[in-house]
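User: Could you take a close look at one part of this model for me, the helix that sits inside the fold, and then walk outwards from there? I'd like the packing first, then whatever else stands out.

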Amino acid sequence: MGIKDLSKLIADRAPKAIRTNEMKAYFGRKVAIDASMSIYQFLIAVRHDGSALTNADGEATGHLMGMFYRTIRMIDNGIKPCYVFDGKPPEMKSGELEKRTERRAEAEKALAEATEKGDTETIEKFERRLVKVSPAHNDECKRLLRLMGVPVVDAPCEAEAQCAALARAGKVFATATEDMDALTFGSTVLLRHMTFSEAKKMPIKEFDLSKVLREMDFTHEQFIDLCILLGCDYCPTIRGIGPKRAFELMQQYGSIESILENIDTKKYVPPENWKFAEARQLFLKPEVSEGDVVTLEWKSPDTEGIVAYMVGEKNFNEDRIRGALAKLQKSRQNAQQGRIDSFFTSSTTVSTVATSKKRKAEEDKAKLKAGAKKKVPMKKK
């Protein structure tokens with residue numbers, strides 16, 4: 001779920017913290033990607049005729065196809081992606097997971113009814129809702145990414161928290177995910193829509209956490225409290241308090257504790273045994289592998305290994321796979337050359353500016369000297 005309505009609230013209250021870019025604007029950047037979110041997007045994707053993405057054996061291939069081609073697209077734009085996979089969910093997420101299980105059961109019931117009626121549109125809707133990223137999907141994507149030479153990070157807990165830790169440590173520029181709680185975990189920059197297909201034609205939306213905090217005039221801890229009030233995965237919210245009211249209360253009182261002391265709790269009823277303080281700590285100190293112990297290394301792709309896996313085992317078209325791999329190799333070379341060219345261009349510019357300043361200083365000195373000579377009075381004979 002992420003944080004309910006946070007994107008809209010930032011757009012309303014801290015618009016300068018958001019900007020939109022094309023993918024090529026991130027040339028030379030390292031980006032940590034929430035793998036599970038990306039895989040889910042790929043799994044629910046369908047062909048133009050509405051059919052699911054499967055191979056000749058009827059095996060789901062959307063996750064591998066999406067991971068392969070979108071990763072190449074990022075590399076083609078000079079981006080160095082690394083993928084972070086979820087570990088075990090935190091204990092506090094159990095309530096949210098139970099709700100998801102209940103919603104899944106309801107969707108299964110609705111799907112059965114739609115199937116009995118032959119309602120194709122409703123069938124497709126609920127089939128998409130029932131899509132779930134499995135350990136097998138994760139393992140297949142990890143294998144493909146390693147063959148492509150792209151780093152894979154196994155988070156001990158939440159992937160968004162691990163991405164944020166890498167961003168804070170300077171190992172990557174940003175976190176790429178659709179879940180806004182990457183900001184709550186402290187990611188310096190959040191990128192949305194980076195793994196979307198070209199067909200959706202959506203620009204990448206960049207959120208800068210430091211600008212969010214500055215425009216809202218909140219500390220990071222106060223921002224976390226705001227996110228808890230809006231609605232997160234770890235605890236329920238106060239009934240009757242929406243995004244606008246939550247923001248105003250945080251502006252006025254500065255913390256959830258102070259809000260509870262000042263609001264009418266009969267009108268705005270807080271949840272029973274509300275564990276907001278524990279949720280706050282989870283956002284402040286999540287279970288992650290610290291950035292300084294995580295090594296990110298981008299290697300040359302194993303071309304024949306990829307062909308053996310994608311064509312030999314997963315029945316992808318060999319010509320298309322080899323064509324994409326040729327593009328991948330060319331993109332890697334262009335990106336490396338581009339970075340070298342950029343380096344020398346900036347060095348030349350600095351050198352030229354320095355030379356110009358030196359020449360101007362010498363000219364000014366000469367003018368002053370000449371002027372001083374003109375002002376020396378002539379001696380009378």
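Analyst: Here is a walk through that helix, followed by the strands, rings, cysteines and a couple of odd backbone spots. Keep in mind that this is a predicted model.

Let's start with H10, which covers residues 220-230. Of its 11 residues, 8 are buried, so the helix is largely enclosed by the rest of the structure. The buried set is Phe223, Ile224, Asp225, Leu226, Cys227, Ile228, Leu229 and Leu230. There's an aspartate in that list, Asp225, alongside residues such as Leu226 and Ile228. What do these buried residues pack against? Their partners are helices: H1 (6-13), H8 (181-184), H9 (209-216), H11 (243-253), H12 (256-262) and H13 (276-284).

Now the two ends of H10. On the way in, the loop between H9 and H10 holds aspartate 217. Aspartate 217 isn't a glycine, yet its phi is positive, about 60°. With a relative accessible area of 64%, aspartate 217 is exposed. On the way out, H10 is followed by glycine 231, and there phi is positive too, near 125°.

Another aspartate has a backbone like that: aspartate 5, with a positive phi near 65°. You'll find aspartate 5 in the segment before H1, and H1 is one of the helices that the buried residues of H10 pack against. Aspartate 5 has a relative accessible area of 36%, so it counts as partly exposed.

Next, the cysteines. The structure holds 0 disulfides. Cysteine 235 is in none, and the nearest cysteine sulfur, from cysteine 232, is 4.3 Å away; the cut-off for a disulfide is 2.5 Å. Cysteine 235 is buried, at 9% relative accessible area. Cysteine 141 is buried as well, with a relative accessibility of 0%.

Over to the strands. S3 (residues 80-85) has 5 of its 6 residues buried, so this strand is also largely enclosed by the rest of the structure. S3 pairs with S2 (residues 30-34) in the parallel sense, over 5 bridges, and in that pairing lysine 30 stands opposite lysine 80. S3 also pairs with S4 (residues 152-154), again parallel, over 3 bridges. There, tyrosine 83 has valine 152 as its bridge partner.

The aromatic rings tie some of this together. The count comes to 6 aromatic pairs. Take tyrosine 26 and phenylalanine 173: their ring centres are 6.2 Å apart and their planes sit at 40°, so the pair is tilted. Tyrosine 26 is in the loop between S1 (18-21) and S2, while phenylalanine 173 is in the loop between H7 (159-168) and S5 (174-176), so the pair links distant parts of the chain, 147 residues apart. Both tyrosine 26 and phenylalanine 173 are buried.

Phenylalanine 173 has a charged partner too: arginine 29 lies over the face of its ring, 3.9 Å from the ring centre. Back on S3, which runs over residues 80-85, the ring of phenylalanine 85 has lysine 142 over its face, at 5.0 Å from the centre. Finally, ring pairs join Phe185, Tyr234 and Phe283 into a cluster.

Methods:
Residues are numbered from 1 along each chain as its sequence is written. This is a predicted model: local features need pLDDT of at least 70, side-chain atom pairs count only at pLDDT 80 or more; totals for chains, interfaces and linings use all residues. Side-chain values use heavy atoms; hydrogens and water are left out. Buried means under 20% relative accessible area, exposed over 50%, partly exposed in between (1.4 Å probe, protein chains only). Helices (H or I, at least four residues) and strands (E, at least two) are DSSP runs, numbered from the N terminus. Contact means heavy atoms within 4.5 Å. Two strands pair if DSSP finds at least two bridges between them. Rings of Phe, Tyr and Trp (its six-membered ring) pair if their centres lie within 6.5 Å; planes under 30 degrees apart count as stacked, over 60 as edge-to-face and the rest as tilted. A charge sits over a ring if NZ of Lys or CZ of Arg is within 6 Å of the ring centre and within 35 degrees of the ring normal.
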